[in-house]
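Q: I have a model open and would like to learn how to read it, feature by feature. Could you walk me through it?

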Amino acid sequence: MKLMGFFNRDGGTFRTTDMEAYEKRAEAVFRDAGHDFEAVVFSGKEIVPAMERAARRDDLDGIVAGGGDGTISAAASIAWKNGVALGVVPAGTMNLFARSLRVPLDIWTALEVLANGEVDNVDIASANGRPFIHQFSAGLHARMVRYRNSYSYRSRLGKMRASTRAALGVVLNPPEFEVEFRAQGIREHRRVSAVSVSNNPFGENALLYADNLTGGELGFYTAKPLKPLGVARLAFDLLRGKVRENADVMIMHPAEVDLHFPKLHSKANCVMDGELLPLERDVALKLHPGELKVLVKRGLAAQVDETERREPIS
């Protein structure tokens, strides 16, 4: 394949990596595996425009993106829109999409796996046409990210500390708002503290990422209006990967969800793949089954039991 590598020097692990050595190693690994490969290191501000320019080329089969979840989300959007394959080098804090794809979290090992891997097709979702690979959310999560962004941090550890501080702030001051939704032929009006829609349902893990990205369903979650004790209980269930056991959470697995926020505050936010954005009054969420081409470990697709692919997750 003809591939280009785009590595965000400002992303997580790469901040403390000799990027010149990493660039050379990436080129050697991919070329040894038979690919036509060129790697380039960019700053966080430069990398997305560079990927967009490259993906529009007629001679490129795919891009290999290295960075945090924001970089990977942008790369997935670009790959999906241009019909090229995406390889993920997990250099961020959470690396949620890489975990779902079962890419090794070591940035050096990931190169070997991707270079000698194969192309698979996985699902991607969109909110009002904007693609996301992990999650759209409003309420608790958006408030926590807003709180976290108000704190200054420069390292992965600093980000984790800011997240912990923000989570405590949300526990003590949970939001409550109205939402109307339509999914699977059901229309309903609710008061909630949280709404979340994920690209395939979350697995039983503390980080809330999908175990399977080929199920063909969204994960749709709403939480009843919560007091501080209820938020703490929900956080505990999230940390032990048991959100399905929380009585305050409703879960559905539709292919599409339409949301309407009748009393939307002018400064209300949502979060898409970790990015804080203005919340629109109406949001149409849709799954696009098998439309994203990704590089995965060779043989991985065959290892996934066929009954798990495109089967409803109950």
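A: Gladly! A useful place to start is the word "cavity": it is a set of grid points where a 1.4 Å probe fits but cannot get out, and its lining residues have an atom within 4 Å of a point. Keep in mind that this is a predicted model.

Q: How many cavities of 30 Å³ or more does a search of the whole structure find?

A: The search gives three cavities of that size. Let us take the second largest, with a volume of about 60 Å³. Its lining includes Leu 96, Phe 97 and Ser 100, along with Ser 198, Asn 199 and Asn 200. Tyr 209, Ala 210 and Leu 213 are also among the lining residues.

Q: Which elements each supply at least two residues of that lining?

A: Helix H4 (96-101) and strand S10 do. H4 gives the most, with three residues.

Q: Ser 198 is one of the lining residues. Where is the place of Ser 198, and is this residue buried or exposed?

A: Ser 198 sits in strand S10, which covers residues 194-199. To judge burial, look at relative accessibility: under 20% is called buried. Ser 198 has 1%, so it counts as buried.

Q: What does the side chain of Ser 198 reach?

A: The side chain reaches the backbone oxygen of Asn 200 at 2.9 Å. Beyond its neighbours within four places in sequence, Ser 198 is in contact with residues including Phe 132, His 134, Glu 217 and Tyr 221.

Q: What is the volume of the second largest pocket?

A: A pocket, unlike a cavity, is an open set of points. The second largest one here has a volume of about 390 Å³. Of its 17 lining residues, Arg 143, Pro 175, His 265, Ala 268 and Asn 269 are the closest to its centre. Strand S7 (135-139), helix H6 (140-149) and strand S8 (177-183) each supply at least two lining residues, and H6 gives the most, with three.

Q: Strand S8 also holds Glu 178. Which side chains does the side chain of Glu 178 make polar contacts with?

A: For a case like this, check the burial and then the partners. Glu 178 is buried, because its relative accessible area is 14%. Its side chain makes a polar contact with the side chain of His 189 at 2.9 Å, and another with the side chain of Lys 263 at 3.2 Å. Leaving aside neighbours within four places in sequence, the residues in contact with Glu 178 also include Arg 190, Arg 191, His 260, Phe 261 and Pro 262.

Q: How far apart are the end C-alpha atoms of helix H8, and what span should its residues give?

A: Helix H8 has 12 residues (228-239), and at 1.5 Å a residue they should span 16 Å; the end C-alpha atoms are 16 Å apart, so the two agree.

Q: Which residues of H8 are buried?

A: Gly 230, Val 231, Leu 234 and Asp 237 are the buried ones. They cover an arc of only 125° around the axis, which means that they lie on the same side of H8. The face turned away from that buried side carries the exposed residues Leu 229, Phe 236 and Leu 239. Just after H8, Gly 241 takes a positive phi of about 70°.

Q: Which phi sign do most residues other than glycine have?

A: Most have a negative phi, so a positive value in such a residue deserves a look. Asn 128 is a case, with phi near 50°. Asn 128 is in the loop between strand S5 (118-127) and strand S6 (130-132), and it is partly exposed, with a relative accessible area of 36%. Leu 208 also has a positive phi, of about 60°. Leu 208 lies in the loop between S10 and strand S11 (218-223), and it is buried, with a relative accessible area of 17%.

Q: Where is Leu 285 found, and which residues does it touch?

A: Leu 285 is found in strand S16 (residues 282-296). It is buried, with a relative accessible area of 1%. Not counting residues up to four places away in sequence, Leu 285 touches, among others, Ala 127, Phe 136, Val 197, Leu 218 and Val 257. For a view along the chain, compare Leu 285 with Phe 220: they are 65 residues apart, and their C-alpha atoms are separated by 10.0 Å.

Key:
Residues are numbered from 1 along each chain as its sequence is written. This is a predicted model: local features need pLDDT of at least 70, side-chain atom pairs count only at pLDDT 80 or more; totals for chains, interfaces and linings use all residues. Side-chain values use heavy atoms; hydrogens and water are left out. Helices (H or I, at least four residues) and strands (E, at least two) are DSSP runs, numbered from the N terminus. Buried means under 20% relative accessible area, exposed over 50%, partly exposed in between (1.4 Å probe, protein chains only). A polar contact is a pair of N or O atoms within 3.5 Å; within protein, one must be able to donate a hydrogen and the other to accept it, and residues adjacent in sequence count only if both atoms are side-chain atoms. Contact means heavy atoms within 4.5 Å. The expected span of a helix is 1.5 Å times one less than its number of residues. The arc is that of the directions from the helix axis to the C-beta atoms. On a 1 Å grid over the protein atoms alone, a cavity is a set of points where a 1.4 Å probe fits but cannot get out, and a pocket is an open set with protein on both sides within 12 Å along at least five of seven lines; lining residues have an atom within 4 Å of a point. Grid points are joined across faces, edges and corners, and a volume is the space filled by probe spheres set on the points.
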